[in-house]
Amino acid sequence: MSNLEPRPAELVGSTGVALAPVRELLPGREVVLGGTRGMPVLRTLPNRDRRMVGAWCFVDHFGPDDVSRSGGMRVPPHPHTGLQTVTWLVEGEVRHRDSIGSDQLIRPGQLNLMTAGRGIAHAEESPAPAGPVLHGLQLWVALPAGTRAVEAAFEHHGELPRVELSSGGGVTATVLLGQLAGAVSPATTFTPIVGAELTVAGGAEAVVPLDAGFEYAALCVDGPAEVDGVAVPRGTLLYLGAGRSELPVRSDAPARLVLLGGEPFAEEIVMWWNFIARTHDEIVRAREDWMAGRGFGTVHGFEGDPLPAPVLPGTPLKPRGRVR
Ligand code: MN
């Protein structure tokens with residue numbers, strides 16, 4: 001996925017970690033992605049009121065959309081630095097191709113994890129014929145200072161660990177990153193972090209074990225679902241803060257949540273377009289390199305031109321930390 005806002009705002013680091021349990025409902029805002037096809041997504045991170053949850057810094061939720069006529073996703077080659085992209089589908093298929101030679105179809109229940117590190121380019125599109133339905137998430141994870149310039153890498157995990165969380169059955173977690181309730185994802189991580197999908201059967205409830213040192217948020221993908229007593233509508237992120245060792249979830253009807261958590265990210269970052277860096281000048285160099293065809297490699301097999309980078313804002317991008 002590419003951040004395709006024509007004039008991306010300066011996006012900054014987390015503006016304050018709640019060290020105690022809180023309940024902040026963060027609605028998504030609609031952003032249109034897509035290069036030649038406009039694909040609407042609901043973006044809940046970065047949010048005006050909250051920039052990060054642990055190292056999670058970008059949450060886009062797309063669909064469910066009937067894409068049999070539109071052709072679905074078509075995001076031309078574009079670069080990334082300093083982050084990992086996490087692709088997770090509920091319905092449909094997406095083909096990923098990148099500049100280190102990966103070519104991978106992803107289906108629901110599977111994980112595509114791309115570590116951009118010092119730099120990679122990729123393209124994402126619905127395979128033809130598309131559809132009928134596309135529904136999923138793309139999430140970004142910021143890399144910490146010590147590993148943010150690692151070699152680019154790509155992983156596909158066709159099978160992920162699942163764990164039943166409800167004594168009565170009906171609340172199942174699939175662990176994308178990190179670990180939950182003793183189930184450990186095989187995916188590569190660079191900070192203490194967790195990402196898990198929770199499917200909740202109608203009438204089911206469970207208490208999810210948490211790490212009190214992490215901050216957490218729950219995204220409702222299908223719902224509403226009730227999280228710590230709060231009804232969370234579809235497309236909304238409930239920020240939960242830190243200091244919790246457990247989290248009650250329940251739903252009257254079948255629902256799906258994605259739990260995101262991690263150790264609060266202590267560094268200041270600069271996030272602009274598809275790059276995460278630490279200074280304005282690093283962003284300028286990454287942008288210039290991309291526009292000059294340097295340093296990111298080539299995505300083979302995509303029919304069409306790469307995405308040009310947007311114009312930088314007139315004032316310097318500032319690194320921002322957790323406190324405004
Ligand atoms: Mn992307």
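**Entry 1: N112**

I started at N112 and asked whether this residue is buried or exposed. N112 has a relative accessibility of 4%, so I put it down as buried, the cut-off being under 20%. The model I am reading is predicted. I placed N112 on strand 10, which covers residues 111–115.

Next I looked at what the side chain of N112 touches. It makes a polar contact with the side chain of H156, at 2.7 Å. With neighbours within four places in sequence set aside, I listed the contacts of N112: T85, V86, T87, H96, Q104, I106, F154, E155 and H156. H156 therefore appears in my notes twice, as a polar partner and in the contact list, the latter resting on heavy atoms within 4.5 Å.

**Entry 2: the cavity beside N112**

I then searched for enclosed space. I found one cavity of 30 Å³ or more, and I noted a volume of about 50 Å³ for the largest cavity. Which residues line the largest cavity? I wrote down T85, T87, V94, H96, I106, N112, L113, M114, H122, E124 and F154. N112 is thus one of the lining residues, and T85, T87, H96, I106 and F154 are among the residues in contact with N112.

I sorted the lining by element. Strand 7 (83–91), strand 8 (94–98), strand 10 and strand 11 each give at least two residues. Strand 10 contributes the most, three residues. By class, I have five nonpolar, five polar and one charged residue in the lining of the largest cavity. The charged one is E124, because Glu counts as charged and E124 is in the lining.

**Entry 3: pockets**

I turned to the open sites. The largest pocket has a volume of about 250 Å³. Of its 15 lining residues, I noted T81, G117, R118, E282 and A286 as the closest to the centre. Strand 27 and helix 1 are the elements that supply two or more residues to this lining. Helix 1 has the largest share, with four residues. I split the lining of the largest pocket into five nonpolar, four polar and six charged residues.

The second largest pocket holds about 160 Å³ of space. I listed its lining as P77, W290, G293, F296, G297, T298, V299, F302, G304 and P306. How many charged residues does the lining of the second largest pocket have? I found no charged residues there, with six nonpolar and four polar. The glycines in this lining, G293, G297 and G304, fall in the polar group because Gly is placed there.

**Entry 4: cis peptide bonds**

I checked omega along the backbone. The bond that joins L45 and P46 is cis, with omega about -10 degrees. P46 sits in the loop between strand 4 (39–45) and strand 5 (56–66). I also recorded a cis bond from A128 to P129, where omega is near -5 degrees. P129 belongs to the loop between strand 11 (120–125) and strand 12 (133–142).

**Entry 5: positive phi**

I looked for positive phi outside glycine. A181 has a phi of about 50 degrees, and I found A181 in the loop between strand 16 (179–180) and strand 17 (183–184). W273 has a phi near 50 degrees and lies in the loop between strand 26 (270–272) and strand 27 (275–277).

I then compared their accessibility. A181 has a relative accessible area of 37%, so I class it as partly exposed. W273 has 1% and is therefore buried.

**Entry 6: cysteines**

How many disulfides does the count give? I got zero disulfides. I looked up two cysteines as well. C57 is buried because its relative accessibility is 1%. C220 is also buried, at 0%.

**Entry 7: R320**

I finished at R320, which is in the segment after helix 1 (280–291). Its relative accessible area is 31%, so R320 counts as partly exposed. I took the C-alpha separation of R320 and M271 as 9.2 Å, the two being 49 residues apart along the chain. M271 falls within strand 26 (270–272).

Conventions
Residues numbered from 1 in each chain as written. Predicted model: local features only at pLDDT ≥ 70, side-chain atom pairs only at ≥ 80, totals over all residues. Heavy atoms only, no water. Buried < 20%, exposed > 50% of the residue type's maximum accessible area, 1.4 Å probe, protein only. Polar contact = N/O pair within 3.5 Å; in protein donor to acceptor, adjacent residues only side chain to side chain. Disulfide = S-S within 2.5 Å. 1 Å grid on protein atoms, 1.4 Å probe; cavity = no way out; pocket = protein on both sides within 12 Å on 5 of 7 lines; lining within 4 Å. Points joined across faces, edges and corners; volume = space filled by probe spheres on them.
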